[in-house]
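Take a look at the model below. We will walk through how its parts meet, one surface at a time.

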2 protein chains.
Amino acid sequence: MANIQQVAKQAGVSVATVSRVLNGQNTVSSKTKTKVEEAIKFLNYEPSMLGRNLRNSESRIILILIPNISNPFYLDIIKGIENMALSQGYNILLCETDSNPDKENIYFDLVRKKMADGIVSMDPAVNVDTLKELARTYAIIQCSEYGGGIGIPYVTIDSEEASYRAVKHLIQIGHTKIALMNSDEKFLYARERKAGYQRALKEQGIALDKDYVIYTQELSFAHGQQAMKKILALQDRPTAVFAVSDLLAIGALKEINASGLHVPNDIAVVGFDKIDFSNMTNPTLTTVAQPMYKMGTTAAAMLIDKIKGREVDSVILDHELIIRESTSG
Amino acid sequence: MANIQQVAKQAGVSVATVSRVLNGQNTVSSKTKTKVEEAIKFLNYEPSMLGRNLRNSESRIILILIPNISNPFYLDIIKGIENMALSQGYNILLCETDSNPDKENIYFDLVRKKMADGIVSMDPAVNVDTLKELARTYAIIQCSEYGGGIGIPYVTIDSEEASYRAVKHLIQIGHTKIALMNSDEKFLYARERKAGYQRALKEQGIALDKDYVIYTQELSFAHGQQAMKKILALQDRPTAVFAVSDLLAIGALKEINASGLHVPNDIAVVGFDKIDFSNMTNPTLTTVAQPMYKMGTTAAAMLIDKIKGREVDSVILDHELIIRESTSG
DNA sequence: CTGAAAGCGCTAACAA
DNA sequence: TTGTTAGCGCTTTCAG
């Protein structure tokens, strides 16, 4: 547990010189450098980040805010953020908010108390006012979800267009009775995905049936099952379902199977997110792929730029429709 | 961005007094306390953890080492660790090692460099020598997986017994031709689960068929599929499969379905871990439940004890066999 | 009950 | 090329 002083003494130089060697400055003669390196090795010295961080007024930690760690949707984004962060000497603190303001506040405190240098927020339910307030002082990026027009840079995909393409695909393979399984429209992405759904229907002259639009409280398997139950109970049952999340869609799949109907012959299903499990279901799930990993690296790079005081602009990434068994029996 | 000096000046007291108020010491008169609190509010002061951490030689961060963030197995353990940590004023840094020594080393460095106060390791493939070496100086707990006898405290379940019960269940419902889908036996849990499998067979006088023991390189869906392919190709096909992980079992399920056979009528399947998705498959999966959340809280509590310099003993928690559709048509 | 002052381990401006 | 020294923001003796 040696410190820089002891290394300096051991090497017979000053702490400044040791610090220079530590930080790879080339203003040190190779002789002294060797001496210092030997002393470091001899004493088994490891520089303390606590001292360095205080001195530099930085923590080299970035916060990732997600509503729920169990949602596989976030996995690849997180990996992207982490790898980019690591490559720039940052570490990530993964924070599950449960969309609970108290828990959010614990994590916001971390940046207020200088224990974190910035935040990548992926929580659509986060307290937007607090976030906006924080963003005035601290580096914050919104990822995947963004509360439009609150002036925080974001990275996302074009949800409206993605939704439009998914529904158009269903129409092209012959469906006209298409249900939408959506989130609460308090979320921007929910409004955008509904808009895309409507545009596709309208373009093909299909009237919007209000009964075909079902809202769920959560993007979970169980809520997908529940919603599908309602859809199956409809008088004029739709022949296709577009769910705004794979977890919902997988719940729907299960429910359809349980009712003795066949996917896709009786009802076709499209999900959204391309989580790993969407390829493990029976049948495999047609879904919209977001470039998760890239979203993560982009968000991290933007955040680090912001931390360093540089200007950053929002980014919209591409998406892709993955056609699999649930729409092509 | 006020600091403690400015608060002291504003309140007309010394920094020591401010610090006392901050830390809730009751050696401050209520008058001065009020003055200080007003100054804090007035200046919008937030104490910096960088300063405090350096002074206290602690980071209040604990590391969680997992091989792969995508494995749902770890989710509840992580939640348990996090909640316990939070309640004690610690934050968690989630570290995915990819079972890659270089990446492990990045994270080990965090504790060497005082950026983390301790480690909960859940990586069975972690470099045991390094871990052992680190454990001499730093607080380390092994969770769920442990490399026996290396002197690091651990929390886990009795894998041998759990495996024994799972296999016994299969025997009780009439199976005698039972395959074991196992991990590489370099992992202790793999050896223990095999031992439980053997004990159950032996107890019932069923001879061990070497062809029925299949090893997979990874605990993943894809590897479960592959392994199941091999099992299905066997001359004398087993009527039941016990997989040491739900992900393997779900892969097996998919493969059996694809081959036109029926679960459980043709082949019964048992998994291990009770991940969320084990209840979403068709049919739902019989599996062994580990008390994940409790494992997490226990590990965190043990680690914090260790950080504070207290003695800690290893813990073995209970498990439970969850019988569902994949073994009871 | 309160204040002065030392120091946690490090970096960087300035001087030599 | 190297050393001296002043902090970064906080906690905690020790004195009063």
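In this predicted model, 52 residues of chain B are in contact with 53 residues of chain A. The two chains bury about 4,500 Å² between them. Carbon and sulfur atoms carry 67% of that area.

What holds polar groups across this boundary? The rule finds 10 residue pairs in polar contact between chain B and chain A, both partners at pLDDT 80 or more. The count of salt bridges between the two chains is four. Take A:K113, which forms a salt bridge with B:E46. Their closest N and O atoms are 3.4 Å apart.

Which elements of chain B build its side of the interface? α4, α5 (75-87), β2 (91-96), α6 (101-112) and α11 (246-258) each supply at least two residues of the side that touches chain A. By residue type, this side of chain B divides into 25 nonpolar, 15 polar and 12 charged.

Now turn to the DNA. There are 25 residues around DNA strand D. Which of them come nearest? They are A:R20, A:T32, B:I4, B:Y45 and B:R55. Of the atoms of DNA strand D that come within 4 Å of the protein, sugar and phosphate account for 57%.

Both chains feed this surface through helices. In chain A, α2 (15-22) and α4 (49-56) each supply at least two residues of the surface near DNA strand D. In chain B, α2 (15-22) and α4 (49-56) each do so too. The residues of this surface divide into nine nonpolar, 11 polar and five charged.

Individual atoms fill in the picture. Start with the phosphates. A polar backbone atom of A:S14 is 2.9 Å from a phosphate oxygen of DNA strand D. On chain B, a polar backbone atom of B:S48 is 2.7 Å from a phosphate oxygen of the strand. Then look at a base. An N or O atom in the side chain of A:R55 is 3.0 Å from a base nitrogen of DNA strand D.

Finally, step back to the layout of chain A. Its domain assignment gives domain 1 (4-47), domain 2 (61-157 + 292-317) and domain 3 (159-290). Domain 2 is thus listed as two segments, 61-157 and 292-317. How far apart are the centres of domain 1 and domain 3 of chain A? Taken over C-alpha atoms, 63 Å separate them.

How values were computed: Residues numbered from 1 in each chain as written. Chains lettered and ligands numbered in written order. Predicted model: local features only at pLDDT ≥ 70, side-chain atom pairs only at ≥ 80, totals over all residues. Heavy atoms only, no water. Near = heavy atom within 4 Å. Polar contact = N/O pair within 3.5 Å; in protein donor to acceptor, adjacent residues only side chain to side chain. Helix = DSSP H or I, 4+ residues; strand = E, 2+ residues; numbered from the N terminus. Nonpolar A, V, L, I, M, F, W, Y, C, P; charged D, E, K, R; others polar. Contact = heavy atoms within 4.5 Å. Buried area = accessible area lost by both parts, 1.4 Å probe. Salt bridge = Lys/Arg side-chain N within 4 Å of Asp/Glu carboxyl O. Domains from an automatic or database assignment.
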